[in-house]
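Me: I have a chain on my screen and some labels to check. Take me through what each label rests on.

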Amino acid sequence: MILEGQTAYYSKYMILTNDPNVKKLYNYTTMQEISIEDFTLGGASYNPVEDREGKIYYIIDVTLHRNGELLSQIDTSNLIKNPLYYDSKTDSLWLASFDSDMSFVNFSVFEKPSAATSNTNPSTISYEDSFPGITSCQAFAVKEDNIYIAYNNSNILLTKKNNSSNTEATITLSNITPALSGEVTDMAVLEDGTVAVLVRSIGVTSETKVFAYTVLNDKDTVYSRGALVLLSSDLSKVEKVLGWTDSPRTISATGEDTENPVKKWTSITAYIPEYEERGTHFYGPVKIVAIRPKELVIADCGANFVLPDYDGKKNGKIYAHNRLMTVNLRNFAIGCKKEFSESELKFQNLAISGGIEATSSSPYYGNYVDEK
């Protein structure tokens, strides 16, 4: 891998999503929310993208916009989860959707979008033969003739722009070492052709469900982990797997309370980074929000758990983490650029139904175990 060339294109902004779907622009250097004259992203649907001139493309209702200007009317009835992608190498904007039968993927391609006039008509590419048994498509990425598609949660396919039946290669998360699980949440192709893939494993007893008021029971298994995977351009080689928590740990309650009527917690199994690893591992990466010279910035959203301390009369708690993590493309070191408080910004709403309380009564009420 030679990533020293990651200078030709880099993000001027970071586009962050505040739950449930409010898009915000942040300055990379100051980490302050900013505005651009004449437009706001607000509740723009799906994933806005930025071109090499710093112009932002986003979907509102059935229209595609560029910095407040109407670019094109589009069919939004069958768009994939993250339907927009900008290829900086060819200066083209891609829009992905399923056909009406959900049997193949269509790509609408806008060439030179920064200079396009209103109501531009894109070219269309269909891939009817490339997806046997496809049930979902999470993300895709493009660089010149190569198109990479993540489907069915855990598979990545490479095909060619000019030959829709030419499936070059596929790779499955479980076949990577270490074996990965969960789902692909985002992809990008770097300047040297390396394919960057985000994998997220989060949920209670399941690795593809967020903590959306899920009930947590004693002895359950919880997941909040993820990885950045770097693949060669032909998918033949896994270059790096960064930030993944491979082994589980046991989170235990402490002490015993024989005097108060309390719910008895003993332990849970957690595929979650140790507290001491929080600066070098992911809790649940959701989006590559900036590609900078020699660096990726990744929105990471997940949680850590503690169980009650009966001796100290303290309840357990879920500690949500909404962070911007950086990956240095020279030495592959992971760091935390910023951790948001939930009052500032949260990428997703993470909560456990009923909490992790021993009891809501005094002396436990309002007292929680510190994160550890």
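**Labels and their cut-offs**

Reply: Start with a loop. Asp 91 lies between strand E8 (79-87) and strand E9 (92-98); strands are DSSP runs of at least two residues, helices (H or I) of at least four, numbered from the N terminus. This is a predicted model, where local features need pLDDT of at least 70, side-chain atom pairs count only at pLDDT 80 or more, and totals for chains, interfaces and linings use all residues. Residues are numbered from 1 along each chain as its sequence is written, and side-chain values use heavy atoms, without hydrogens and water.

Me: Why is Asp 91 called buried?

Reply: Buried means under 20% relative accessible area, exposed over 50%, partly exposed in between (1.4 Å probe, protein chains only). Asp 91 has 6% relative accessibility, so it counts as buried. Its phi is near 50 degrees, a positive value in a residue other than glycine.

Me: What makes Met 31 buried?

Reply: Its relative accessible area is 12%. That is under 20%, so the label holds. Met 31 sits in the loop between E2 and strand E3 (33-34). Its phi is positive too, near 60 degrees.

Me: Why does Arg 200 have no salt bridge?

Reply: A salt bridge needs a side-chain nitrogen of Lys or Arg within 4 Å of a carboxyl oxygen of Asp or Glu. The nearest side chain of opposite charge, Glu 183, is 5.8 Å away, so the cut-off is not met. Lys and Arg count as positive, Asp and Glu as negative; His and the chain ends are not counted. Arg 200 is buried all the same, in strand E17 (residues 195-204).

Me: Which backbone oxygen does the side chain of Arg 200 reach at 2.7 Å?

Reply: That of Cys 301. The backbone oxygen of Gly 284 lies 3.0 Å from a polar atom of the Arg 200 side chain.

Me: How do you know that the chain is as compact as a globular protein of that length?

Reply: The chain has zero helices and 27 strands. Its radius of gyration is 22 Å, close to the 21 Å from the globule rule for 372 residues, so the description fits. The radius is taken over C-alpha atoms, and the rule is 2.2 Å times the number of residues to the power 0.38. The C-alpha trace spans about 75 × 45 × 45 Å along its principal axes. Of the 372 residues, 54% count as buried.

Me: Which peptide bonds are cis?

Reply: Asp 19 to Pro 20 is one of them, with omega near 10 degrees. Another joins Ser 362 and Pro 363, with omega about 5 degrees.

Definitions and conventions: Polar contact = N/O pair within 3.5 Å; in protein donor to acceptor, adjacent residues only side chain to side chain.
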